Amino acid sequence: MTESYPAERTALLFVDPYNDFLAEGGKVWPRVRDVAEKVGLLDNLRAVVAAVRAAKIRVFIVPHRRWEPGDLESWQHANPYQQNAARSQVFARGSWGGDWYPDFAPQPGDIVVKEHWGSSGFANTDLDVLLKQHGIARVIVIGLIANTCIECTSRFAVELGYHVTLVKDATAAMSEEAMRAAHEINGPTYAHAIVTTQELMASLSAR
């Protein structure tokens, strides 16, 4: 079934479009490169962004916390994922790795959400209120990483009552097993639609 994406009720959530994730020389890129290149990640991200902009769908940038000195030092329950990122200074504020990947930098009219500390773009941010204030009921979720921030943000969206579409080749993970878990095992338990970039573009063009 072709999904419907009315522009006034739909948003694109682009999670973590940082150089550290997407660019040669990025701190995390070597760990996602194999899967990213296999699925055509960068070209698919470009295609999705272009298609949603052409469809007049608003883009929400959903960024991870940019590391700063002192982050997590007094935290009681920082998780292993956060601790590893802090040790590597991933997305360090003011660094090249913490800058937007040039192709996906925010454009006029885009909304940049407050940075999330964990994996969910909703927890402790303003994403939910921003979506509600713009009358959004459906979200299309792309970016990094499939089995962490994409999955957690999408699950949270469902719990808040949003219709969620995952674009399975507009994301990547650190292994093929993680991608399979995200889209074949976990995704079907919560997402309303799991599509390819081409399938999404067909739905947008059929509106």
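Start by selecting Arg93 and Glu115, whose side chains meet in a salt bridge with N and O 2.8 Å apart. This pair links distant parts of the chain: Arg93 sits in the loop between α4 (80-88) and β3, while Glu115 sits in the loop between β3 and α5 (127-133), 22 residues apart. As you look, keep in mind that this is a predicted model.

Now colour the two partners by accessibility. Arg93 is partly exposed, with a relative accessible area of 37%. Glu115, in contrast, is buried, at 18%, because the cut-off for buried is under 20%.

**Widen the selection**

Add Arg65, Arg66, Glu68 and Asp71 to your selection; together with Arg93 and Glu115 they are linked in a network of salt bridges. Within this group, zoom in on Glu68 and Arg65, which form a salt bridge of 3.8 Å from N to O. Glu68 counts as partly exposed, at 27% relative accessibility, whereas Arg65 is buried, at 17%.

The structure holds 14 salt bridges, so there are others to visit. For one of them, select Asp103 and Arg46, where the closest N and O atoms are 2.6 Å apart. Asp103 lies in the loop between α4 and β3 and Arg46 in helix α3, so this pair ties together parts that are 57 residues apart in sequence. Both ends are partly exposed: Asp103 has a relative accessibility of 41%, and Arg46 has 32%.

**The sheet**

Next, switch to a cartoon view and find the strands. Six of them make an open sheet with parallel pairing, in the order β3-β2-β1-β4-β5-β6. At its edges are β3 and β6 (193-195), each of which pairs on one side only.

Select β2, residues 58-62, and check how covered this strand is: four of its five residues are buried. On one side, β2 runs parallel to β1 (residues 10-15), and five bridges join the two. To see the register, show Leu12, whose bridge partner in β2 is Val59, and then Val15, which stands opposite Val62. β2 also pairs in the parallel sense with β3 (residues 111-112), over two bridges. Here, Ile61 has Val112 of β3 as its bridge partner. While the side chains are on display, remember that in a regular strand they alternate between the two faces of the sheet.

**Helices on the sheet**

Bring in helix α3, residues 41-54. α3 lies across β1, β2, β4 (138-144) and β5 (163-172), and runs at about 145 degrees to β5. Then add helix α7, residues 176-186, which packs on the sheet and touches β5 and β6. The direction of α7 makes about 160 degrees with that of β5.

**Into the core**

Where should you click to find the residues with the most contacts inside the largest nonpolar core? Select Leu22 and Ile142; the core around them has 44 residues. Helix α3, which you have just displayed, gives the most to this core, with seven residues.

Stay on Leu22 and show what surrounds this side chain. Leaving aside residues up to four places away in sequence, Leu22 touches Pro17, Trp29, Leu41, Leu42, Leu45, Tyr101, Phe104 and Leu144. Apart from the largest core lies another, of 22 residues. To find this second core, select some of its members, including Leu130, Leu131, Tyr162 and Leu166.

**Last stop: helix α6**

Select residues 146-159 to pick out helix α6, which has 14 residues. Try a distance from its first C-alpha to its last: the helix reaches 18 Å, close to the 20 Å expected at 1.5 Å a residue.

Which residues of α6 are buried? They are Ala146, Thr148, Cys149, Ile150, Glu151, Thr153, Ser154 and Ala157. As you turn the helix, recall that an α-helix has 3.6 residues a turn, so residues three or four places apart point the same way. To see what the buried residues of α6 pack against, display β1, α4, β4, β5 and α7.

Finish just past the helix by selecting Gly161, which follows α6 and has a positive phi, near 100 degrees.

Conventions: Residues are numbered from 1 along each chain as its sequence is written. This is a predicted model: local features need pLDDT of at least 70, side-chain atom pairs count only at pLDDT 80 or more; totals for chains, interfaces and linings use all residues. Side-chain values use heavy atoms; hydrogens and water are left out. Buried means under 20% relative accessible area, exposed over 50%, partly exposed in between (1.4 Å probe, protein chains only). Two strands pair if DSSP finds at least two bridges between them. Contact means heavy atoms within 4.5 Å. Axes are lines fitted to C-alpha atoms, for helices over the stretch in contact, and angles run from 0 to 180 degrees between N-to-C directions. A salt bridge is a side-chain nitrogen of Lys or Arg within 4 Å of a carboxyl oxygen of Asp or Glu. A nonpolar core is a set of buried Ala, Val, Leu, Ile, Met, Phe, Trp, Tyr and Cys residues joined through side-chain atoms within 4.5 Å. The expected span of a helix is 1.5 Å times one less than its number of residues.
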